[in-house]
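Good morning, colleagues. Please bring up the sequence and the model, and I shall take you through the packing of its helices, its nonpolar cores and a few individual residues.

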Amino acid sequence: MSGNTPSFLPKTGLAGLKNHWRDDLLSGFLVFLIALPLCLGISMASGFPPSAGLITAIIGGIVVSRLSGSFVTINGPAAGLIVVVLGAVQSLGEGDAMAGYRYTLAAIVVASVLQILLGLGKAGRLSSFFPASVVHGMLAAIGIIIMAKQIHVMLGVTPGTSNLFMTIAQIPHSLLNPNPDIAVIGIASMGLMVLWSTVRNPKLKMIPAPIIVVLLGMGLARYFDLEHEHMYLFLPDAHFLPHHEATVGPKFLVAISENFLSSFYLPDFSKTLTPEFLEAVVSICLVGSLESLLSAVAVDKLDPYRRHSNLDRDLTAVGTGNLVCGLIGGLPMIAEIVRSSANVNNGAKTSWANFFHGAFLLVFVVLFPRLIHSIPLASLAALLVFTGFRLASPKEFAKVMGVGKEQLFIFVATIIGVLATDLLIGVAIGILVKFAIHMLRGVRVNNLFRIHFVVENLDEDSVVVEIVGAAIFSNFLKLKAALAGLENGKKVIFQLSNAYLIDHTVMEYLHHFQHDYESRGGNCRFLGMEYHDTYSRHPLAVRKMKRNHMSRRKSDHHGLV
């Protein structure tokens, strides 16, 4: 065992509830405070009623936590799905928002059935097929789209077009011509988010930033009397503007029914066979499944107990939760990384923390709907703009650039592809660019989807894994499965002297495998690395065999021990 790993593992099920309910209850409450405003904001940005996001988080907590294969993940709506869901509402509704909402619910139901089948079919490992630079590019593009749309909401302005590039082009106009009262709320909320991100005091950090932002927004909304429609008085020349541009009122607050049961809507399956419907299904299933699996893996790395999620069971559970959400009016859900990391930091021990977060949300929306109505949209938009910026921040570009210039090229190609077309085509463009780069570097066509490797027992305690040819994102699933089947506690020797090319995705996987395997008492060694050139100084950069070594490639194991 690694010295960083606790000597005991928390129990699960009812035994875990009995032993750890205090830790999980406190963490669940703190995560509930984060989730409440984010669920509302994500839902409205997705073209759904505000209550839809709350329905999803409640189902994700109360239902999915009892079925999932993870331990400390929080399930609920996520910013990464805003673009997919909003696109479905707009394309299926053709201008009718309510019709688009109900058609999209039907798409969520069908997508969730596919998710369940993928989970039952052991497809959790397929997340490895998508290269890291493409996934990060997709998320960065989503971040840009969220910022482009929500900046206008934050300033109290409605852009005159739904075209993405025109929406981006109108940002300067909105900045120069905001609704002053709403802009004060939005900019103050954004300023508080930025300020809170610099706080280092651990006791203050226990207070979630989103709830402070919402409280500030509610105070300002009360000061500007948004409960009643009136001409804003912030600027003296308001009377020169058109009436709809010079007024503030309840339309800038969250619109939610006081009877939670009236928030439920049934899906409409009448467009099931149309191309737009099928595209929505594939987009929701692919992006939702991929994000959920990647988040579950990321949260496992944060778990102080080094537990490993059962990804197939987790995907089946999320699919089941999405099925329920689609049938009663909720957004699709994923295992959400920000709330999950907060859950870990708050000391959660088991999946009961996820259950408690959902239960707190249910109690709150049933008992305090008027309180939700007093939250200004501008504050929620500020939260989303901040979230979008984190997805597409300059740090993300620098991080990818640090791995290699070709990774940055793939990353940017994916972003441009998503912005210019849609998520599915953008991701496909990123993958094709990655294939093209590999082929330019000499990877053979028959090696793109087929890997050559040998696993041999050297003695009772040692295993040799020799990789021959190229090991890249699209062919290493078989290698991953073989390594997953190794016994714990062995000495695993990776012989890479005959590996022609190892890409960043595989290098990253081998690095994580080494970390996890050694934390369970094993040992890993890598031989033959000196025969490769790297494309950057990053330790996980792409490696390609040196020219002077190609002519004397060997496949024996002399000198391994």
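**Helix packing, cores and selected residues**

Helix 5 and helix 11 cross in a left-handed sense. Before I go further, please bear in mind that this is a predicted model. The residues that form this contact are Val 135, Met 138 and Leu 139 on helix 5, together with Val 287, Leu 290, Glu 291 and Leu 294 on helix 11. Sorted by class, the contact of helix 5 with helix 11 comprises six nonpolar residues, no polar ones and one charged. As for the geometry, the axes of helix 5, residues 132-154, and helix 11, residues 275-302, come within 12 Å and cross at roughly 110 degrees. Helix 5 is therefore roughly perpendicular to helix 11.

Let me stay with helix 11 for a moment, since Ser 283 also lies in helix 11. Is Ser 283 buried or exposed? With a relative accessible area of 9%, Ser 283 is buried. Beyond residues up to four places away in sequence, Ser 283 touches Val 84, Gly 288 and Leu 424. Ser 283 and Leu 81 are 202 residues apart in sequence, while their C-alpha atoms are 9.2 Å apart in space.

The second pair is helix 2, residues 50-62, and helix 14, residues 352-367. Their axes come within 7 Å and cross at roughly 140 degrees. These two helices, helix 2 and helix 14, are therefore oblique to each other. The crossing in which helix 2 passes helix 14 is left-handed. On the helix 2 side, the contact involves Leu 54, Ala 57, Ile 58, Gly 60, Gly 61 and Ile 62. On the helix 14 side, these meet Asn 354, Phe 355, His 357, Gly 358, Ala 359, Leu 361, Leu 362 and Val 365. The division by class for helix 2 with helix 14 is nine nonpolar, five polar and no charged residues.

The third pair is helix 4, residues 97-120, and helix 12, whose axes lie 7 Å apart and which pack at an angle of about 160 degrees. The angle makes helix 4 roughly antiparallel to helix 12. Here too I can give the handedness: helix 4 passes helix 12 in a left-handed crossing. Among the residues that helix 4 brings to the contact are Leu 105, Ile 108, Val 109 and Ser 112, and those from helix 12 include Asp 312, Leu 315, Thr 316 and Val 318. By class, the contact of helix 4 with helix 12 holds 12 nonpolar, eight polar and one charged residues.

I turn now to the nonpolar cores. Which residues touch the most other members of the largest nonpolar core? Within its 119 residues, they are Leu 40, Phe 48, Leu 54, Met 138, Leu 361, Ile 372 and Leu 423. Helix 5 gives the most to this core, namely 13 residues. Leu 54, leaving aside residues up to four places away in sequence, touches Leu 36, Cys 39, Leu 40, Ile 256, Leu 361, Val 365 and Ile 372. Apart from the largest core lies another one, of 22 residues, which includes Val 463, Val 465, Tyr 509 and Cys 524.

Two further buried positions deserve a word. Ala 381 lies in helix 16, residues 377-391, and counts as buried at 1% relative accessibility. Residues up to four places away in sequence being excluded, Ala 381 touches Gln 150, Val 153 and Met 154. The C-alpha atoms of Ala 381 and Leu 118 are separated by 34 Å, the two residues being 263 residues apart along the chain. Glu 396, for its part, sits in helix 17, residues 394-403. At 17% relative accessibility, Glu 396 counts as buried, the cut-off for which is under 20%. With residues up to four places away in sequence again set aside, Glu 396 touches Arg 390, Leu 391 and Phe 411.

I close with the backbone. Most residues other than glycine have a negative phi. Asp 225, although not a glycine, has a positive phi of about 55 degrees. Asp 225 is found in the loop between helix 10 and strand 2, and at 32% relative accessibility it counts as partly exposed. Arg 306, also not a glycine, has a positive phi of about 55 degrees. The loop between helix 11 and helix 12 is the place of Arg 306, which is partly exposed, with a relative accessible area of 24%.

Key
Residues numbered from 1 in each chain as written. Predicted model: local features only at pLDDT ≥ 70, side-chain atom pairs only at ≥ 80, totals over all residues. Heavy atoms only, no water. Axes fitted to C-alpha atoms, helices over the stretch in contact; angles between N-to-C directions. Helix = DSSP H or I, 4+ residues; strand = E, 2+ residues; numbered from the N terminus. Parallel < 35°, antiparallel > 145°, perpendicular 65-115°, else oblique. Left-handed = near helix turned anticlockwise from the far one by under 90°. Contact = heavy atoms within 4.5 Å. Nonpolar A, V, L, I, M, F, W, Y, C, P; charged D, E, K, R; others polar. Core = buried A, V, L, I, M, F, W, Y, C linked by side-chain atoms within 4.5 Å. Buried < 20%, exposed > 50% of the residue type's maximum accessible area, 1.4 Å probe, protein only.
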